[in-house]
Structures are given as C-alpha cells and as structure tokens.
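Visitor: Please take a close look at the largest pocket of this protein. I should like to know what lines it and how the surrounding structure is arranged.

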Amino acid sequence: MRDIEVALVRVPEHKRDDENALRDKFNTLLDIVGGLAFVKPGDCVLIKPSVDSGKPYPASTAPKLIAMLIDLLVKKNPSAILVGTEPPLCSDAKKTLRKTGIESAVKEAAKTYAPLPIKLILFNDYVWRERYPGPDMQDHWEMTPGKHL
C-alpha cells in the first residue's frame, strides 16, 4: 500500500447519478491508494461512511458507493463486514441512515451475500475496548454490545 494520507477524486455534478461514472471514479481512487490488498481473508472489515446529516449524496456517502465497496470486499473473504457510524448532528441516527439510503444499501448487500454477516451498526450501541498489540504487532480492537461506561 502506498504512503498516502488523503486522496480525493471528484465526480462532476452532472454525473452524480451516473453509476458508471461513480464506479470509474471509485476505481480511480482505489488505484491511487493501492487497492484493498491490506484486507486479508478472515478479517472483520469496518466501513465508516460520512453521514453528517440526513441529506443524501453528496452531503453523505453515496449508498451506491457503499454497495460497490461491499462487492469488492466480499471477494477478499472477510469474516464480516460492518458499516458503522454515529452521525453527530442528528438526534435519530437510524432515521438519518434510512433517509440517506445507506440502511437499504446495507440490507440489500446482507441479503445478496448471506450467510456472510453484513451489518449496519451504531457506535453508541457498543462498548469499545482496545486490546494491546498481538503477536502480529498490530493493534486489535474489540467491541461488545452494551452501553458506554
């Protein structure tokens, strides 16, 4: 993977509803950052979409983009794919994810790729605890359902 901190690819406004244009730009972005080689079979993958309001794309991550990423990740044989967020500027995160279309994109992917667990999660529904580096010297995180401490 390349040493890139930020990469942006612009989809022209007149092509934002064009799935092929979105896919082309998404593939360009993946090429820039070096692809998904870092995802190994058995990994549990977290996708963190941008959801700052109930407004759809381009104010929030395009549901089509999440679906495209899930399609690519499935080919990597993960143990699970989680799409997680906690929109900070809204009072009802579930309603916001429904309004943006992200909830239906995740549900459709879950049906398509069953029995692979593909779930939409809200970060505030889990307690996050850091585990210390394992034998592979990578940081590992653990999440358990429950309320924050």
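Guide: For what follows, Ala, Val, Leu, Ile, Met, Phe, Trp, Tyr, Cys and Pro count as nonpolar, Asp, Glu, Lys and Arg as charged, and the others, Gly among them, as polar. With these classes, the lining of the largest pocket divides into 27 nonpolar, four polar and six charged residues. The model is a predicted one, and the pocket found in it has a volume of about 1,100 Å³. Its lining comprises 37 residues, of which Ala-7, Phe-26, Leu-29, Leu-65 and Leu-69 are the closest to the centre of the pocket.

Helix 1 (19–33), strand 1 (44–47) and helix 2 (63–74) each contribute at least two residues to this lining. Helix 1 gives the most, with six residues. These elements belong to a protein with four helices and five strands, which follow one another along the sequence in the pattern α-β-α-β-α-α-β-β-β.

The three elements named for the pocket lining also supply the largest nonpolar core, a set of 26 residues. Within that core, Ile-47, Ile-70, Leu-73, Ile-81, Val-83, Ile-102 and Ile-118 have the most contacts. At least two core residues come from each of helix 1, strand 1, helix 2, strand 2 (80–85), helix 3 (93–100), helix 4 (102–112) and strand 3 (118–122). Helix 2 provides the largest share of the core, six residues.

Ile-102 shows how one of these core residues is surrounded. Leaving aside residues up to four places away in sequence, Ile-102 touches Pro-49, Val-51, Thr-61, Pro-63, Ile-66, Val-83, Leu-97 and Leu-120.

A further set of contacts involves the loop between strand 1 and helix 2, where Ser-53 lies. With the same sequence neighbours excluded, Ser-53 touches Ala-59, Ser-60, Thr-96 and Thr-100. The C-alpha atoms of Ser-53 and Thr-96 are 6.8 Å apart, although 43 residues separate the two in sequence.

For the protein as a whole, residues 24 or more positions apart account for 62% of the contacts with a separation of 6 or more. Of its 149 residues, 32% count as buried. The protein exposes about 9,900 Å², and carbon and sulfur atoms supply 54% of that area.

Methods:
Residues are numbered from 1 along each chain as its sequence is written. This is a predicted model: local features need pLDDT of at least 70, side-chain atom pairs count only at pLDDT 80 or more; totals for chains, interfaces and linings use all residues. Side-chain values use heavy atoms; hydrogens and water are left out. Buried means under 20% relative accessible area, exposed over 50%, partly exposed in between (1.4 Å probe, protein chains only). Contact means heavy atoms within 4.5 Å. Accessible areas come from the Shrake-Rupley method with a 1.4 Å probe; for residues, only the protein chains shown count as cover. On a 1 Å grid over the protein atoms alone, a cavity is a set of points where a 1.4 Å probe fits but cannot get out, and a pocket is an open set with protein on both sides within 12 Å along at least five of seven lines; lining residues have an atom within 4 Å of a point. Grid points are joined across faces, edges and corners, and a volume is the space filled by probe spheres set on the points. A nonpolar core is a set of buried Ala, Val, Leu, Ile, Met, Phe, Trp, Tyr and Cys residues joined through side-chain atoms within 4.5 Å.
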